[in-house]
Amino acid sequence: MKNIKDHHYQFLKLICSEMTYKEIGLEMGKSEYDAHNYAQFLCRKFKVTGRFGLMLYSIKNKIVKPNEIKFKRDSPVYARQLLDRRKVVFLAEQPFILGEE
């Protein structure tokens, strides 16, 4: 699991969902501020930018598996399972090169 702490692993699973930092904080028993700080710390650690970068990095490097991602039951994303989980796996299997335009 790439030498990350349990709370960072839990955060990465939640960041891959459509939850806000406030919702992630509540789920983890932390504050919105703590959730935002986790994101900043992990972005620096993995050398990515933003929550989308964290999501791609987490799935690409098999830190988070697509079947571990939770969605809100009342959201359109949940209804269509993030454009079908196979597409998430496809995204994760693509080359992941930072800084290339």
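These are my notebook entries on a predicted model of one protein chain.

**Entry 1: the overall fold**

I began by counting elements. The protein chain has 6 helices and 0 strands. Read from the N terminus, the order is α-α-α-α-α-α.

Next I looked up burial. The protein chain has 101 residues, and 36% of them count as buried. I also noted the exposed surface, which is about 6800 Å². Carbon and sulfur atoms supply 54% of that surface.

Then I checked contacts along the chain. I took those between residues at least 6 apart in sequence. Of these contacts, 55% join residues at least 24 apart.

**Entry 2: the nonpolar core**

I turned to the inside. In soluble globular proteins, nonpolar side chains tend to be buried together. Which residues touch the most other members of the largest nonpolar core? I found Phe11, Leu12, Ile24, Phe46, Leu54 and Ile63. The core holds 24 residues. At least two residues of this core come from each of α1 (6-15), α2, α3 and α4 (50-60). The most come from α3, which gives 6 residues.

**Entry 3: helix α1**

I listed the buried residues of α1. They are His8, Tyr9, Phe11, Leu12, Leu14 and Ile15. An α-helix has 3.6 residues a turn, so residues three or four places apart point the same way. I then asked what covers the buried residues of α1. The cover includes α2, α3 and α4.

I picked two residues of this helix for a closer look.

- His8 has its place in helix α1. I asked whether His8 is buried or exposed. His8 is buried, with a relative accessible area of 8%. Leaving aside neighbours within four places in sequence, His8 is in contact with Tyr38, Phe41 and Leu42.
- Ile15 also has its place in helix α1. Its relative accessible area is 2%, so Ile15 is buried. Not counting residues up to four places away in sequence, Ile15 touches Tyr21, Ile24, Arg51 and Leu54. I followed one of these partners, Arg51. Ile15 and Arg51 are 36 residues apart along the chain, yet their C-alpha atoms are separated by 6.6 Å.

**Entry 4: how α2 meets α3**

Two packed helices are described by the angle between their axes and the distance between the axes. I looked up both for helix α2 (residues 21-28) and helix α3 (residues 32-46). Their axes come within 7 Å and cross at roughly 105°. Angles of 65 to 115 degrees count as roughly perpendicular. So α2 and α3 are roughly perpendicular to each other.

Which residues meet here? From α2 I noted Tyr21, Lys22, Ile24, Gly25 and Met28. From α3 I noted Glu32, Ala35, His36, Tyr38 and Ala39. By class, this contact has 6 nonpolar, 2 polar and 2 charged residues.

I also checked Asn37, which is found in helix α3. Asn37 is partly exposed, with a relative accessible area of 28%. I looked up its separation from Tyr21. The two are 16 residues apart in sequence and 9.8 Å apart in space, C-alpha to C-alpha.

**Entry 5: helix α4**

I listed the buried residues here too. In α4 they are Gly53, Leu54, Met55, Leu56, Tyr57, Ser58 and Ile59. Leu54 came up earlier, in the contact list of Ile15. After α4 comes Lys62, whose phi is positive. That led me to the next entry.

**Entry 6: two lysines with positive phi**

Most residues other than glycine have a negative phi. I looked up two lysines that have a positive one.

- Lys47 is not a glycine, but its phi is positive, about 60°. Where does Lys47 lie? Lys47 lies in the loop between α3 and α4. Lys47 is exposed, with a relative accessible area of 65%.
- Lys62 has a positive phi near 55° and is a residue other than glycine. Lys62 is found in the loop between α4 and α5 (76-79). I asked whether Lys62 is buried or exposed. Lys62 is exposed, with a relative accessible area of 67%.

Technical notes: Residues are numbered from 1 along each chain as its sequence is written. This is a predicted model: local features need pLDDT of at least 70, side-chain atom pairs count only at pLDDT 80 or more; totals for chains, interfaces and linings use all residues. Side-chain values use heavy atoms; hydrogens and water are left out. Axes are lines fitted to C-alpha atoms, for helices over the stretch in contact, and angles run from 0 to 180 degrees between N-to-C directions. Helices (H or I, at least four residues) and strands (E, at least two) are DSSP runs, numbered from the N terminus. Angles under 35 degrees count as roughly parallel, over 145 as roughly antiparallel, 65 to 115 as roughly perpendicular and the rest as oblique. Contact means heavy atoms within 4.5 Å. Ala, Val, Leu, Ile, Met, Phe, Trp, Tyr, Cys and Pro count as nonpolar, Asp, Glu, Lys and Arg as charged, and the others, Gly among them, as polar. A nonpolar core is a set of buried Ala, Val, Leu, Ile, Met, Phe, Trp, Tyr and Cys residues joined through side-chain atoms within 4.5 Å. Buried means under 20% relative accessible area, exposed over 50%, partly exposed in between (1.4 Å probe, protein chains only). Accessible areas come from the Shrake-Rupley method with a 1.4 Å probe; for residues, only the protein chains shown count as cover.
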